[in-house]
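Please open the model in your viewer and keep the selection panel at hand. The stops below say what to select and what is there.

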Amino acid sequence: MAKESTEQYFRSIDVDKKLIANIDNGIIIVDEALNIYYFNKWLEIYTHLKEKDVLGEKLNSVFANINVKTLQRKIRTALKMDSPSFYIASNSKYLIPIKINRIKASGFTHMRQDVSVIPFDTEKRLVALIISDQTSIVSMNILLELNIQKIEDLNKELIREKNIIDKRVLFMKINNEYLITDCSQAYMDLLGVQKIDIYLQNFFNYENLKSAEELTKEILNHIQEKKVYKYEKITLTDKEKEITLLNTLVPEYDKNGMHIGFIIFSENITSAKLVQKQQQILLQNSRTSAMGEMISMIAHQWRQPLSVINTIIATLKVKKELDVLDDATLEESYDKIEKTVSYLSDTIDDFRNFFKTNKELSLIPIQTIFDKATNLLMGDIKAYKIHYTENISDDIKINTYKNELIQTLINILKNSIDAFKDTPRENQTLTVKVWEEPRYVIIEIEDNAGGIKEEIVGKVLEPYFSTKSKNGTGLGLYLCKTIVEEHLNGELTIKSKGVNTTSIIKLAKNLENKKEEI
Amino acid sequence: MSELSLTQDEQDVLQELMNIAYGDATAVVAEMLDAFATLSIPNIRLIETSALLHELKGLEGESYFFSTQAFNGMFSGESAFFIDTQSACNLAKHLDLENDEDLDDAILELTNVLTSSLTIRLAQEMNAEIKFSLPSINKLPYNKIQTNKTLQEYSQVIVIDTEINFKDQKINGEIFILTKDGSIKWLKNQLSSILEALM
Ligand SMILES: Nc1ncnc2c1ncn2[C@@H]1O[C@H](COP(=O)(O)OP(=O)(O)OP(=O)(O)O)[C@@H](O)[C@H]1O
Ligand SMILES: [Mg+2]
């Protein structure tokens, strides 16, 4: 019952007509000669033309823009095939000119249309032109294409930049299994290797760090802690050229923050290293200028023995003139002069050795060293009535460069004598104390010759600082400091309190051990 | 023999059907070109898409037009038409086309004409109805064809080489009917029932 009434209802309202009238497409029925047989409501609305005004008219006289030849061809083809032929909006823009004034129409003045030419009645040779609005799709497509173009341009730019980086920057990527997964062209060029030589190689094998176990350990530690790590490494190129790389290991994470490996950036510091080496050579050359310094030092150290010789000769002269010169005195004087002269030449050797690194160490009692140092000074000590005492236990031995230590002691003792000479006083004392600590020998030399003013005590170790006008060069203590700190791995301090001046020398008991420690 | 490849008999039947369809297509092309035209009887092959992509390697460096059109029904898929630039020029000259847009339009029309008439007729012979959607044209460079989604989506391709001769002009093209496994199964079924009827 329900079915029957439904059928009746639909028959009475003519479904097709009602739908076609309201469909969101333009529909025109024409024959091969383009005479219009049907013009739907949609078209009436969009073209502002009434169906009754266009029926029987030729489509091309209603719309002058129509390319008759093409349209007729499409109609013929469709009829012949008994299947639709088409106009595509992207190529043919539109068939029926319909002005549009939508804001989003992206510059189109007319509606873009897809048109299907559908065989309607093959006998009467009628076709239906179904027109659909494609404006938004076409403008969307244009927009899309523009953006695709932009993306392609950006992509090209990216690729270009990647290429530049690839060509210029030395880098390598390794994954969590330490396999090399990427390597820049620049890196391969530098080492003269090919992709196949390097890809998926174990980083540690490749780096050939087996020899440098320490370094391997260090790198592994840093890798495990995912820390940035810098290290220097010497590598051979395919041409057996040695290059030095400064490598920086940076952990790499993916976009979710998962650790996926490392990037190793390398900097070729071979030339920087070369410069460094050249600087070292230059520095060595500056030793020639150190020659000048050495000569000054020799001259400085010669003054005391020369004055000893002078004194002897002067004494001999006076004795001769007074006619009291006996053979014994002469003999003794010759002997003393001979010894002093040999000391002079020893001094030259000492300073020549001064800059050598492979000097001989000697294990020697401290007492022996003091005996040698005071030998030249005893004359003055007696002459200026200085009460000199040594407090050194016999068994203190030291493994050091003895001649250099002797030169140091002479300078310090001489300064005390100079001070007494300058301002003589009652009860002049010069005291030496030497004691041992587990790894050091401490030498303390103290006088009561007036002390050093507080404002200059900090300067006495500087070269050419002297208060002795033309008699002093100011090199004495500078020489001592250089010897003690740079050659004997010790420390020299000068302190003064009231009339007392104290020099303290702290020396490594065994220079060899001390060196190893460093 | 794989489930989805045609037996020699099935292939023969398909070739026969295609010959009939070609007769129709020739008539339509002649109508379209408004000239006496002949279509050489094609050789058809059923190959896998991967093999097709391999064949297309020959296109590297060539210039050509590539248009596609989808069709739906019991037998569904997409037809693609390759036409070299020289042939397209011949077509343009013959149709007095003024600009590139018109040329694109004419190529699409040819695509539509060839694929519709062939496929519809083929379907008719097998008692099926199919509908065509609007064709679209691509000027894909060779490397994009290799990665083109349309081609990759299909498993089997019926390849039809065509040569249209009209007046003293020549249009060379290649039609590919791309289908999914389901349609090939349907085709195979239809072909074998036609075969049975013939026995
Ligand atoms: N025991 C000391 N008592 C007082 N002043 C001292 C003493 N030792 C060093 N000085 C001061 O330190 C200065 C620098 O000493 P240094 O030995 O470097 O040079 P110098 O003795 O002046 O010259 P040179 O060593 O050539 O004779 C001295 O000029 C002096 O003023
Ligand atoms: Mg001095």
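The tour of this predicted model goes from a contact between chains to a hairpin and then to a sheet with its helices.

Begin by selecting helix 6 (residues 68-81) of chain A together with helix 4 (residues 100-125) of chain B, whose axes come within 11 Å and cross at roughly 10°. Because angles under 35 degrees count as roughly parallel, helix 6 of chain A is roughly parallel to helix 4 of chain B. Showing side chains here brings up the residues that make the contact, among them A:Arg73 and A:Lys74 from helix 6 of chain A, and B:Asp105 and B:Glu109 from helix 4 of chain B. The residues of this contact divide into 3 nonpolar, 5 polar and 4 charged.

Next, select strand 8 (residues 229-236) of chain A, where A:Tyr229, A:Tyr231, A:Lys233 and A:Thr235 point to one face and are buried, while A:Lys230, A:Glu232, A:Ile234 and A:Leu236 point to the other and are not. Add strand 9 (residues 242-253) of chain A, which runs antiparallel to strand 8 of chain A and is joined to that strand by 8 bridges; A:Tyr231 has A:Asn247 as its bridge partner. Between the two strands lie 5 residues, and A:Glu240 of this hairpin takes a positive phi near 60°.

Finally, select the open sheet of 5 strands in chain A, ordered 12-14-15-17-16 with mixed pairing. Strand 12 (387-392) and strand 16 (491-497) stand at the edges, each with a single partner strand, so one side of each lacks a neighbour in the sheet. Within the sheet, strand 15 (residues 440-447) and strand 17 (residues 500-508) of chain A pair antiparallel over 8 bridges. Helix 17 (residues 402-422) of chain A lies across strands 12, 14, 15, 16 and 17, running at about 20° to strand 15 of chain A.

Methods. Residues numbered from 1 in each chain as written. Chains lettered and ligands numbered in written order. Predicted model: local features only at pLDDT ≥ 70, side-chain atom pairs only at ≥ 80, totals over all residues. Heavy atoms only, no water. Axes fitted to C-alpha atoms, helices over the stretch in contact; angles between N-to-C directions. Helix = DSSP H or I, 4+ residues; strand = E, 2+ residues; numbered from the N terminus. Parallel < 35°, antiparallel > 145°, perpendicular 65-115°, else oblique. Contact = heavy atoms within 4.5 Å. Nonpolar A, V, L, I, M, F, W, Y, C, P; charged D, E, K, R; others polar. Buried < 20%, exposed > 50% of the residue type's maximum accessible area, 1.4 Å probe, protein only. Pairing = 2+ DSSP bridges.
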